[in-house]
Amino acid sequence: MKVKDIKELQEYAKRVRQGIIESIYNAKSGHPGGSLSIADILTVLYFNQMNIDEKNPQAKGRDRLVLSKGHTAPALYSVLALRGFFDFDEIKTLRNINSRLQGHPDMKKIPGVDASTGSLGQGLSIANGMALASKMNSEGVRVYCICGDGEIEEGQIWEAAMTSAHYKLDNLCVIVDNNNLQIDGKVNEVMNVYPIDKKFESFGFATINVDGHNIEELIRAFDAAKKIKGKPTAIIANTIKGKGVSFMENIVGWHGKAPNQEEYLLAMKELGGAV
Amino acid sequence: MNMEERKATRQSYGEKLAELGSKNKEIVVLDADLSNATKTSIFAKKFPERFFNIGIAEQDMMGTAAGLATFGKIPYVSTFAMFAAGRAYDQIRNGICYPNLNVKICATHSGITVGEDGATHQMLEDISLMRGLPNMTVISTSDDTQTKWAVEEISKINSPVYLRLCRLDTPLIYEKNKTFEIGKAEQIGEGTDATVFATGIVVAEALLAKKELEKQGINIRVVDIHTIKPIDKDMIVKCAKETNKLISIEDHSIIGGLGSRIAEVLSEEFPKKLIRMGIKDEFGKSGKATELLKYYGLTAEDIIKQVKS
């Protein structure tokens, strides 16, 4: 199933956002801001780009996605459910003691999750291992790794970036969700990571800057990355934390807070969702 | 025990790993710029396409191994114990043990017997850290035969393993090709005056003590606990019932290591006094390995003193 129609993809992205709000509201905890900022990226990957089969989540040769910023699991669960890996209603059980939808992604419990993540900075190393293994086995797998802009303050990311380039992992694509907010404030004020593209470039990556909410631009970037040979690609996706819910947009306070009932109803209304 | 022929367990590891590489094509090896010291260089020469030097980046190395394991590879990951269990603890915990991935962490240069490099390189807390992790198996071998057995045996279980190895040459204890069982300790001797539970490099010291005490008419048994997790509870309880005195010895802190584990078993199953020999809540220091064993009270002579006290 590959969706090519831009309007249809935008509609899916909207439903992914509804799922994020729905799940976090029901859980009464979770991370809406960074989940909403990667909704379009995940929609394009899971509905337009990745070679995956929801009926065979462990299929050999499938493309992989490592959500290195694991706290934005609600976005991943929402897109996986929408893609048919599990029932969409299950997202309401997020973080519940009887649910398999853990606060951070668990590859052993949830169909479609390729890597367990949560402790920041570790996903790119895992993605490197996958990309290396695919090359050894000639499986033709593409590996995607989504990192946060705050997350790349972790030193292990740069250890891993060296490894990606050293082993010429051209089947690897890193996406940096550049929303410029982390828990304690603006990324450039807490610990300046900029310029992100120049850093990855100097580590040996091909880099592409895109508007992380523009479906067409994202498709073009992912298509272009597939054609780059001999080096990994980093897509710096410029995004808005909380994108799609007006009162959450660019507000750092919505990093890790659930909406109350009133806020939930308002958010769902803005996203055109049924409650 | 052959005191003349000596070999370090890291050397046995390197030799066996290269041999195993021919048998099992899924084995891949990762190192962090220490392949000549950890002896993974032997595998690297034989199978360069299955060897990945990650550079001086242990955290990245553990994560890369985790990713390789998700594709059915069996990564053997080596560096010094300090940088494996210490520096990359979070990566081992969250990246390898939580998803129960099939990664074999084979850490060399454990304990004070690292010698001259001193405290920053003498890992004395790795058993403690690694045995606390769910899904992890912890093995600490005492000689060439046992190490070679372990290197192959751990490839047959589909879960993470921490294999603790040493730098210093040690005597050959067991017959070549002797096999063991993961989780089953090895009892040497039937003496009832005392049991000395030992693991890793100091098993040889315990055996020397046993021999010397025999001359003096004191009969002890040595229990080589090569698997610290899962621990052989039955063996510990049996020895507690059959022998008068219980002693544990390890080239590791007495906090959280073999002695602690035995004390846990005893307190729940058969309460009895245990004397724990090991590093007593302090850092190591530079010196020759043999001098350090003496300095920290981990020699056959020290064991004899404890048995007789």
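This is a short tour of chain B in a predicted model, first between its domains and then where it meets chain A.

**Stop 1: the two domains**

Select residues 7–172 of chain B and colour them; this is domain 1. Give residues 186–308 of chain B a second colour for domain 2. With both in view, the C-alpha centres of domain 1 and domain 2 of chain B are 25 Å apart.

**Stop 2: where the domains touch**

Next, look at the boundary between the two colours. Here 26 residues of domain 1 of chain B contact 29 residues of domain 2 of chain B. On the domain 1 side, select helix H7 (126–131), strand S6 (137–140) and strand S8 (169–172) of chain B, each of which supplies at least two residues to the side touching domain 2. Which element gives the most to this side of domain 1 of chain B? It is S6(B), with 4 residues. Colour this side of domain 1 by residue class, and 10 nonpolar, 12 polar and 4 charged residues appear where it touches domain 2 of chain B.

**Stop 3: where chain B meets chain A**

Now show both chains. The contact draws 22 residues from chain B and 21 residues from chain A. On chain B, select helix H4 (58–69) and helix H6 (89–97); each contributes at least two residues to the side that touches chain A. The most comes from H4(B), which gives 8 residues to that side. Apply the class colours again: the side of chain B touching chain A has 9 nonpolar, 10 polar and 3 charged residues.

How values were computed. Residues are numbered from 1 along each chain as its sequence is written. Chains are lettered from A and ligands numbered from 1 in the order in which they are written. This is a predicted model: local features need pLDDT of at least 70, side-chain atom pairs count only at pLDDT 80 or more; totals for chains, interfaces and linings use all residues. Domain bounds come from an automatic or database domain assignment. Two residues are in contact if their C-beta atoms, placed from the backbone, lie within 7 Å. Ala, Val, Leu, Ile, Met, Phe, Trp, Tyr, Cys and Pro count as nonpolar, Asp, Glu, Lys and Arg as charged, and the others, Gly among them, as polar.
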